[in-house]
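Trainee: Please pick one part of this model and take me through it up close. I'd like the charged pairs, and what sits around them.

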Amino acid sequence: MRDLQNDMRDHFEGTPLDMTSDMTAGPWGMPIRPLPMHFKDSDSIAYFRERPIACQQSGFTMTCQMRSWLPDDVGGITWFNCDDANMVAYVPLYCCITQVPDAFRPENNPRNEFSDQSAFWMNNWVSNMVYPRYSMMIGDLRQAQKELEDYYFADQDSVLVAIKGMMPTERQSYLNKKSIAYTDMMMQRWDNLAKYLIVKYNDQIVRRTDKNGEFLRWGHYTPGYDQQFIDAIGKSTGDRYKLKEVIDRRER
C-alpha cells in the first residue's frame, strides 16, 4: 500500500524523463511545470512539458485498500486527501463511516475562498510554498508526511484489537471517531508545518534550528541555486552577471 502511495508521488525521478534534472526545473529543482503543456519560443519553435504522475492540478488523491479477511466495515479503507499526491499525507477513512470528517466536507472546501477548516486549502497553502523552492523545502514536508503516515499505518493494529467483540453499530461508531481523529491530526500537523515553513524560509534565507527544532536567534544561511540552474545562467546571459575580474582576466 505504501509503495503504491509513493508511486502516486512520482515525477520520473531517476529516469531519462526526470523533471528535476535540467534547468526547466528552475533554481530549486521544481518537479512540476505550469500549463500549458505545449508552447512556442519567439522563433516559433514548438516545445512541450512532461505530465508527471503527481501534479499540482489534482483536486484529491486516494488509494483503496480492501482486506477480505476482515469484517467489511473495517476491511475497506480509503486512504484519502485533497490536493497533489506528492504533497499530502494519506489519511485512512474506513468504508463504513457515516460522518465525513469536517475538513473533507464539501461546504468546508470552498473553491474561491481560503479556509483553515478546509483540507484542500491547508494542503494547498503548504504545497504552494514548497513548489517554487522545492529542493530547499521538500525535506520538511517529507518529515511531516512520513510522521503522519507512519502513525496511521502503525495504529491499524490497535484498531483491529479494539474492534474485537464489538457489534456492527459499535464498530461503525468507533471507526467514525477514528476517521475524524486521523483527519483532525493531519489538519493540525499541516497548520504547524505551514507556520514553520514561513518562518524558516522567510525572505529567501534558511533559518537554522538547534537539535530540539527551535530556531536559533541568529542562525541562518543562504543556500543559493541548484547547480544545473547556475550552469544555465552563463549560457543564457553571457557576461551580464560575471564578476568583473573574471572578465578582465579572460581579456588579458
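Mentor: Helices (H or I, at least four residues) and strands (E, at least two) are DSSP runs numbered from the N terminus. By that count Y47 sits in strand 2, residues 46-48. Y47 is partly exposed at 37% relative accessible area (buried is under 20%, exposed over 50%, 1.4 Å probe, protein chains only).

It's a predicted model, so local features need pLDDT of at least 70 and side-chain atom pairs 80 or more, while totals for chains, interfaces and linings use all residues. Residues count from 1 along each chain as its sequence is written, and side-chain values use heavy atoms, without hydrogens or water.

Now the pairs: the whole structure has eleven salt bridges (Lys or Arg side-chain nitrogen within 4 Å of an Asp or Glu carboxyl oxygen). Take D73 and R171, whose side chains meet at 2.9 Å, N to O. D73 belongs to helix 2 and R171 to helix 5, 98 residues apart. D73 is buried at 13% relative accessibility, and R171 is buried at 14%. Next door in sequence to helix 2 (72-75), P71 occupies the loop after strand 3 (60-66). Its C-alpha is 9.9 Å from that of R171, though 100 residues separate P71 and R171 in sequence. P71 itself is partly exposed, at 33%.

Further along, R189 bridges to E147, again with 2.9 Å between the closest N and O atoms. R189 is in helix 5 and E147 in helix 4, so this pair ties together parts 42 residues apart in sequence. R189 is buried at 18%, whereas E147 is partly exposed at 41%.
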